[in-house]
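Reader: I would like a close look at one part of this model, with the cut-offs spelled out. Please take one helix pair and the charged side chains on it, then a loop that follows.

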Amino acid sequence: MHGMPLGLLVDGVLDANTARGLPGFQWLFGQQGLGGPRLMPESLVYVGLRDVDLAERHFIRKLGIKAFTMYDIDHYGIGAVMDQALDHLLGSSSSSHNHSRRPLHISYDIDAVDPHLAPATGTAVRGGLTYREAHFVAERVAQTGNLASADIVELNPALCGATTNNHNHNHNDNDNSDGGTKTVDLALQLITSMLGKSIL
């Protein structure tokens, strides 16, 4: 299953029989089967989906996981999508400072960004987030003040034959000769946005 770390943790994905067949993961299931830590489906939101396999689609629908595809971003705009996503997680006043103090984790798949901007990923599918949309996701989550942890995943500079040493942060965006460096630079910029860097 794609996305195994999340798949293993989400309540309702694994049944006890499947769980028993995973050597090394007994800690996750506790003494009585599925008694270990679990993420509730209502505590998840996907933003920017565009290439979803059949098993993922099945579980997103079955478990009622909040999901916004690229169609939703095209239709509503990234601002409205992020407001809806955060309202789902934090309550309807997420745009103010009166919202829930619930801590948030963002797992930022770099392949959510269009491969023109982030080519060094194993799942490069056209039609992803633009540069500004990608930053807006990070900026909007940071703006809540609830971001407690984050990771950037699906980034693999080796797929573009790049080295990440001495990379130039002022690279030419039209230069595709070093897609690994280009993707790493974008990831670093997204991290700074998640940490609160803003335009003003």
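Author: The helix pair comes first, then its salt bridges, then the loop residues.

The model is predicted, and local features need pLDDT of at least 70, side-chain atom pairs count only at pLDDT 80 or more, and totals for chains, interfaces and linings use all residues. Residues are numbered from 1 along each chain as its sequence is written, and side-chain values use heavy atoms, with hydrogens and water left out.

Two packed helices are described by the angle between their axes and the distance between the axes. Here the axes of α6 and α7 come within 10 Å and cross at roughly 35 degrees. Axes are lines fitted to C-alpha atoms, for helices over the stretch in contact, with angles from 0 to 180 degrees between N-to-C directions. Helices (H or I, at least four residues) and strands (E, at least two) are DSSP runs, numbered from the N terminus. The crossing is right-handed, that is, the near helix is turned clockwise from the far one by less than a right angle.

On the α6 side, Ile 78, Gly 79, Met 82, Asp 83 and Leu 86 take part; they meet Glu 133, Phe 136, Val 137, Arg 140 and Val 141 of α7. Contact means heavy atoms within 4.5 Å. These residues divide into six nonpolar, one polar and three charged; Ala, Val, Leu, Ile, Met, Phe, Trp, Tyr, Cys and Pro count as nonpolar, Asp, Glu, Lys and Arg as charged, and the others, Gly among them, as polar.

The whole structure holds two salt bridges (a side-chain nitrogen of Lys or Arg within 4 Å of a carboxyl oxygen of Asp or Glu). In one, the closest N and O atoms of Asp 83 and Arg 140 are 3.1 Å apart. Asp 83 lies in α6 and Arg 140 in α7, so this pair ties together parts 57 residues apart in sequence. Arg 140 is buried at 5% relative accessibility, while Asp 83 is partly exposed at 30% (buried is under 20% relative accessible area, exposed over 50%, partly exposed in between; 1.4 Å probe, protein chains only). The other bridge joins Glu 139 to Arg 132 at 2.9 Å between the closest N and O atoms.

Thr 121 sits in the loop between β3 (104-109) and α7 (131-143), and is buried at 6%. Leaving aside residues up to four places away in sequence, Thr 121 touches Ile 110, Asp 111, Glu 154 and Leu 159. A polar atom of the Thr 121 side chain lies 2.6 Å from the backbone oxygen of Glu 154. Glu 154 is in the loop between β4 (147-153) and α8 (179-194), and has a positive phi near 65 degrees, although the residue is not glycine.

Definitions and conventions: A polar contact is a pair of N or O atoms within 3.5 Å; within protein, one must be able to donate a hydrogen and the other to accept it, and residues adjacent in sequence count only if both atoms are side-chain atoms.
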